[in-house]
Every structure is written in structure tokens, then in C-alpha cells.
Amino acid sequence: SYFLDSKWYNFLNKVYYKPEIFMLTNNNMPKLSLIIFTGGNTSTYYSKKKENYLREKLDKKIFLKAIKRKINCIGICWGAQSIAQIYKCKFLNSKKHVGKHHINLINKNFNKIFKKKYLVNSFHNQVIASIKYPLKKIFLSTDGNIEMYKHQSKKIYGIMWHPERNKKISILDKKIFSKILCN
């Protein structure tokens, strides 16, 4: 069974006016403007647990349907890894990504939107070490791992931090969810 952390309800209600939130399955996909692939679980790249395999399989089906229907998508932490795995990106284990750390803007196309440096939270032991076309890096951690990426031609993004876990919505997260994803 799947559930949605109540922190997502709080976060989305602060960012959007009366958001409608759905738990998607393979069979139900109403008309949507954004799909969020949330955090949790461990990639089957590192853990062969049945629950991880089932979630990855479901997320991949939903993601491929979203692409066909041109629905904006964002992966959060595990969700970002899940999307990156579809594009055959490289992952590594890391003990340095639990807690707060800085990320640095490296994609000059976003200079007018973002500052050069932000402090974000992290709750993962796997990192995205490198990505492949059609994904492009936006932010890197100080140790050189990918913290935010985007699809070159679609509104598909991945971030490795958890905006829903902050007590107050950060300027960075507000820009991502209100200016980039729903623009």
C-alpha cells in the first residue's frame, strides 16, 4: 500500500491555491497539471526488496503516461533517482547526504531565476553521480553530485532534497513549484 506524507498537503496548500491532490495508480490518471514523484524507498539499483521493485515499476508506468500526455513532472529525492534511472544515469552510495548542505547553480540558463548558492536538506544515502542526455544539470552539491536536473525539452525536473520537510517554504522551492513547474 502507498501513502502520502501529510507534509506534502501542508506544503502544496501553501504554494498553490486549493490544490487537488490525487494518489495515482496505473489505472487512474485524471487530467493533471503536475505529477510529483515523492521521496521514500531505496532504488532497486541498491535494494532488491519487493516493495521497491513494485514502486519503481508503478512510477515508471505513470511517468511514461505523463510524458505521452505532456504533464509536468518533478521527482523528489527517491523520485528524482527513479526518473534518472529511466534515463540510465549513474548512482553512487554516499554517507555525506544526510542533513543540510549547500548546492551550487551551474546551469547559466537559470541565472535570472536562482541565486548561485542555497542550503538544502538531504535524507538519502544514494546520489546521482552523472546524468545523460536528455537530462541537464542545474545544481550540484559541493562534492559534485547532481542535486537538481531538468529534461532538455520537457517540463521534467528532479531535485534531491525534500521541500515538504522544511518548516517554512524556502525561496528556492517556491520558485521551483510556482514559477518553473506551473508556468
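What follows is a conversation between a biologist and a modeller about this predicted model.

Modeller: Ground rules come before the questions. The model is predicted, so local features need pLDDT of at least 70 and side-chain atom pairs count only at pLDDT 80 or more, while totals for chains, interfaces and linings use all residues. Residues are numbered from 1 along each chain as its sequence is written, and side-chain values use heavy atoms, with hydrogens and water left out.

Biologist: How many helices and strands are in the protein chain, and what counts as one?

Modeller: There are four helices and nine strands. Each is a DSSP run, numbered from the N terminus: H or I over at least four residues for a helix, E over at least two for a strand. Along the sequence the pattern reads α-β-α-β-α-β-β-β-β-β-β-β-α.

Biologist: What radius of gyration would a compact globule with 183 residues have, and what does the protein chain have?

Modeller: The rule is 2.2 Å times the number of residues to the power 0.38, and the radius is taken over C-alpha atoms. For 183 residues that gives a value near 16 Å; the chain has 15 Å, so the two agree. The C-alpha trace spans about 40 × 40 × 30 Å along its principal axes.

Biologist: Why is F177 called buried?

Modeller: Buried means under 20% relative accessible area, exposed over 50%, and partly exposed in between, with a 1.4 Å probe and protein chains only. F177 has 0% relative accessibility, so F177 counts as buried. Of the 183 residues in the chain, 48% count as buried.

Biologist: What does F177 touch?

Modeller: F177 is found in helix 4. Contact means heavy atoms within 4.5 Å. Leaving aside neighbours within four places in sequence, the contacts of F177 include W8, F11 and V15. I74 is also among them; its C-alpha lies 9.1 Å from that of F177, though the two are 103 residues apart in sequence.

Biologist: Why do the buried residues of helix 1 line one face?

Modeller: Helix 1 covers residues 6-15, and its buried residues are W8, F11, L12 and V15. Seen down the helix axis, they fall within an arc of 95°, so they line one face. The arc is that of the directions from the axis to the C-beta atoms. An α-helix has 3.6 residues a turn, so residues three or four places apart point the same way. The buried residues of helix 1 pack against strand 1 (34-37), strand 2 (72-76) and helix 4 (171-180).

Biologist: What makes a set of residues a nonpolar core?

Modeller: The members must be buried Ala, Val, Leu, Ile, Met, Phe, Trp, Tyr or Cys, joined through side-chain atoms within 4.5 Å. The largest such core has 27 residues; I74, F114 and F177 are among those with the most contacts inside it. Apart from it lies another core of 25 residues, including A66 and F91.

Biologist: Why is K136 called partly exposed?

Modeller: K136 lies in strand 7. Its relative accessibility is 33%, so K136 counts as partly exposed.

Biologist: Is E147 buried or exposed, and what makes its pairing with H101 a polar contact?

Modeller: E147 lies in strand 8 (residues 146-151). At 1% relative accessibility, E147 counts as buried. A polar contact is a pair of N or O atoms within 3.5 Å; within protein, one must be able to donate a hydrogen and the other to accept it, and residues adjacent in sequence count only if both atoms are side-chain atoms. The side chains of E147 and H101 make such a contact at 3.1 Å.
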